[in-house]
Structures are given as C-alpha cells and as structure tokens.
Amino acid sequence: MTNTTNTTTNKSPEYFVSQWGYEQTNVSFYKVLKRTAQTVTLIKVKSRRTYIDRMNYVAVPVDELAPQAKPFRRKLRESFSNGDFYDYVWVNDFEKACKWDGTAADGSSSY
C-alpha cells in the first residue's frame with residue numbers, strides 16, 4: 001500500500017520581504033503564487049504593523065492583497081551572507097526582496 005499525502009493543502013504560504021527607503025524604512029511583503037527553479041511569480045500583500053515607539057515598528061505579512069496589487073514574475077537570484085545562501089529578487093530598480101524567514105521586519109515612518 002502506498003501512502004499518498006497531499007502536502008500542498010497544509011503548506012504555509014511563502015513570502016518575500018523588502019526593507020527599502022531613504023529617510024524612512026518601508027517594509028513590503030510579497031506572496032509567492034508560483035515558483036520554478038529560476039523564477040517566482042509574486043503579488044504584494046498587506047502587512048500588520050506593531051509600533052515600538054512613535055516612528056519605529058515591526059511588520060509581518062497578512063494574507064490579504066494590497067490595493068491594486070497585480071502578479072509579476074521575477075528571476076530568482078542567490079546570495080551568500082552570514083554563512084548561508086538565500087534567495088532574492090529585484091522587485092524594481094530600487095527594491096530588493098529576500099525570502100522571508102518568518103521574523104518580524106523592522107521599519108520606520110516619518111511622522
């Protein structure tokens with residue numbers, strides 16, 4: 001008898017996160033819709049912020065689409081840091097998103 005378990009129904013969503021900006025640190029999360037060996041199809045999702053003080057916060061993704069979000073495909077790239085390899089993509093010219101490790105991402109606002 002063969003044990004056939006459907007692992008896709010119990011699998012948690014995979015996300016990429018970017019922390020970008022100049023005078024403040026914006027945090028953006030992207031849900032993986034499709035992944036191949038060389039590309040990922042992503043869509044921007046909302047995040048939940050918990051403020052540490054007036055300007056600093058931590059954020060985690062919420063499985064709800066961001067306003068006007070549209071799927072987009074990017075080439076997967078690999079980098080090496082702190083003894084580990086990690087996946088990342090270029091969202092646009094100034095925003096690089098890395099595979100999210102499950103920990104809250106630091107951000108800041110200018111108000």
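**View 1. A lysine meets a ring: the charged end of Lys96 sits over Tyr88.** In this predicted model, the distance from that charged end to the centre of the Tyr88 ring is 4.5 Å. A second meeting of this kind involves an arginine: Arg49 lies over the face of Tyr57, and here the distance to the ring centre is 4.2 Å.

**View 2. The whole chain is built from strands: there are nine of them, and zero helices.** Reading from the N terminus, you will meet the elements in the order β-β-β-β-β-β-β-β-β. The protein has 111 residues, and 31% of them count as buried. Keep these strands in mind as you look at the close-ups that follow.

**View 3. Strand β1 has partners in β2 and β8.** How many bridges join β1 to β2? There are six, and the two strands run antiparallel. β1 and β8 also run antiparallel, joined by two bridges. Phe16 is a good residue to find here: its bridge partner in β2 is Tyr30, while its bridge partner in β8 is Lys99. Now follow the chain from β1 into β2. The two form a hairpin with five residues between them. In the turn you can find Gly21, which has a positive phi of about 140 degrees.

**View 4. Two rings from distant parts of the chain pair up: Tyr30 and Phe72.** The structure holds six aromatic pairs. A pair of aromatic rings is described by the distance of the centres and the angle of the planes. For Tyr30 and Phe72, the centres are 5.7 Å apart and the planes are at 85 degrees, an edge-to-face pair. Tyr30 belongs to strand β2 (residues 26-35) and Phe72 to strand β5 (residues 72-75), with the two residues 42 apart in the chain. Are these residues buried or exposed? Tyr30 counts as buried because its relative accessibility is 3%. Phe72 also counts as buried, because its value is 17% and the cut-off for buried is under 20%.

**View 5. Tyr51 and Tyr57 form a tilted pair.** The ring centres lie 5.4 Å apart, with 55 degrees between the planes. With 34% relative accessibility, Tyr51 counts as partly exposed. Tyr57, at 1%, counts as buried. You have met Tyr57 before: its ring is the one with Arg49 over its face. Elsewhere in the structure, Tyr15, Phe29 and Trp100 form one aromatic cluster.

**View 6. The largest pocket holds about 260 Å³ of space.** Its lining is made of 13 residues, and those nearest the centre are Val17, Cys98, Lys99, Trp100 and Asp101. Which elements give two or more residues to this lining? They are β1 (15-20), β8 (96-99) and β9 (105-108). By character, the lining divides into six nonpolar, four polar and three charged residues. Two familiar names appear here: Lys99, the partner of Phe16 in β8, and Trp100, a member of the aromatic cluster.

**View 7. Gln68 has a positive phi although it is not a glycine.** Most residues other than glycine have a negative phi. For Gln68, phi is about 60 degrees. Where is this residue? Look in the loop between β4 (56-65) and β5. Gln68 counts as exposed, because its relative accessibility is 79% and the cut-off for exposed is over 50%.

Note on methods:
Residues numbered from 1 in each chain as written. Predicted model: local features only at pLDDT ≥ 70, side-chain atom pairs only at ≥ 80, totals over all residues. Heavy atoms only, no water. 1 Å grid on protein atoms, 1.4 Å probe; cavity = no way out; pocket = protein on both sides within 12 Å on 5 of 7 lines; lining within 4 Å. Points joined across faces, edges and corners; volume = space filled by probe spheres on them. Helix = DSSP H or I, 4+ residues; strand = E, 2+ residues; numbered from the N terminus. Nonpolar A, V, L, I, M, F, W, Y, C, P; charged D, E, K, R; others polar. Phe/Tyr/Trp six-rings, centres within 6.5 Å; stacked < 30°, edge-to-face > 60°. Buried < 20%, exposed > 50% of the residue type's maximum accessible area, 1.4 Å probe, protein only. Lys NZ or Arg CZ within 6 Å of the ring centre and 35° of its normal. Pairing = 2+ DSSP bridges.
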